[in-house]
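These are my notes from a first look through a structure that was new to me. I wrote them in the order in which I looked things up.

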Amino acid sequence: MSETLYNAAILRLKLAGEGAHRLAAADGSATRVSPVCGSKIIADVALGPDGRIAAVGLDATKACTLGQASAAVVMERVPGMDAAALTATRSALADFLASRAEAAPEGWAIFVPARAHRARHPSILLALDAVLAALAEAGQVAA
């Protein structure tokens with residue numbers, strides 16, 4: 001039997017990710033909206049001199065529970081990554097959610113119960129997509 005999708009661990013993460021944590025000074029900003037559920041996440045990135053993400057800000061106030069939980073993971077895991085590492089993490093997470101990979105990227109195993117809910121995968125990927133789009137605006141990756 002599968003785990004409950006909205007379990008206590010995901011609800012705790014939701015609380016951590018539900019607020020607006022925008023950056024005062026960003027090198028790139030982008031908004032992404034899920035076509036499935038209408039969740040909206042705004043991402044800001046500040047880059048270090050080496051092109052790595054020095055700081056990330058997210059406004060997930062208009063995201064669903066899974067989007068807000070994912071935003072909390074992004075806030076914790078993304079600083080220090082470069083565009084290639086972030087792209088690889090997004091790809092690995094998508095493969096994990098779609099059961100094309102057994103192991104989740106580090107920090108993302110909390111979403112095991114979502115694997116059975118394909119319609120919810122875009123909500124989980126939304127924060128990563130917003131950060132990638134913000135990096136594109138900052139000239140770090142192709143949109």
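The entries below go from the overall build to the sheet, then to one helix and the cysteines.

**Entry 1, overall build.** I began by noting that this is a predicted model, and I kept that in mind for every value that I looked up afterwards. I then listed the secondary structure and found four helices and four strands in the protein, which run from the N terminus in the order α-β-β-β-β-α-α-α. The radius of gyration is 14 Å, close to the 15 Å that the globule rule gives for 143 residues, so the protein is as compact as a globular protein of that length. I also looked up the box that the C-alpha atoms fill along the principal axes, and its sides are roughly 50 × 30 × 25 Å.

**Entry 2, burial and contacts.** I next asked what share of the 143 residues counts as buried, and the value came to 48%. The exposed area of the protein is about 6,700 Å², and carbon and sulfur atoms supply 54% of that area. For the contacts with a separation of 6 or more, I found that 60% come from residues 24 or more positions apart.

**Entry 3, the sheet.** In which order do the strands of the open sheet lie? I read the order as β1-β4-β3-β2, with antiparallel pairing among the four strands. The edge strands are β1 and β2, the latter covering residues 28-33, and each of them pairs on one side only.

**Entry 4, the pairings of β4.** I followed strand β4 (residues 53-62) to its partner β1 (residues 20-21), and the two run antiparallel and are joined by two bridges. On the β1 side, Ala 20 has Asp 59 of β4 as its bridge partner, while His 21 is matched with Leu 58 of β4. Strand β3 (residues 40-47) also pairs with β4 in the antiparallel sense, here over seven bridges, and I noted that Ala 46 has Ala 55 in β4 as its bridge partner. Between the strands of the β3 and β4 hairpin there are five residues, and Gly 51 takes a positive phi near 85 degrees in this hairpin.

**Entry 5, helix α2.** I checked the length of helix α2, which covers residues 65-77, and its 13 residues should span 18 Å at 1.5 Å a residue; the end C-alpha atoms are 18 Å apart, which agrees. I then asked how many of the 13 residues of α2 are buried, and the count is ten, so that I have put the helix down as mostly covered. Among the buried residues of α2 are Thr 65, Leu 66 and Gly 67 towards one part of the list, and Ala 72, Val 73 and Val 74 are also included.

**Entry 6, the cysteines.** Finally I looked for disulfides, and the structure holds zero. Cys 37 is in no disulfide, and the nearest cysteine sulfur, which belongs to Cys 64, is 4.3 Å away. Why is the sulfur of Cys 64 not bonded to that of Cys 37? The 4.3 Å between them is too far for a bond, because a disulfide needs the two sulfur atoms within 2.5 Å. I also compared their exposure: Cys 37, at 35% relative accessibility, counts as partly exposed, whereas Cys 64, at 18%, counts as buried.

Definitions and conventions:
Residues numbered from 1 in each chain as written. Predicted model: local features only at pLDDT ≥ 70, side-chain atom pairs only at ≥ 80, totals over all residues. Heavy atoms only, no water. Buried < 20%, exposed > 50% of the residue type's maximum accessible area, 1.4 Å probe, protein only. Pairing = 2+ DSSP bridges. Rg over C-alpha atoms; globule rule 2.2 N^0.38 Å. Contact = heavy atoms within 4.5 Å. Areas by Shrake-Rupley, 256 points an atom, 1.4 Å probe, with all protein chains shown as cover. Expected span 1.5 Å × (residues − 1).
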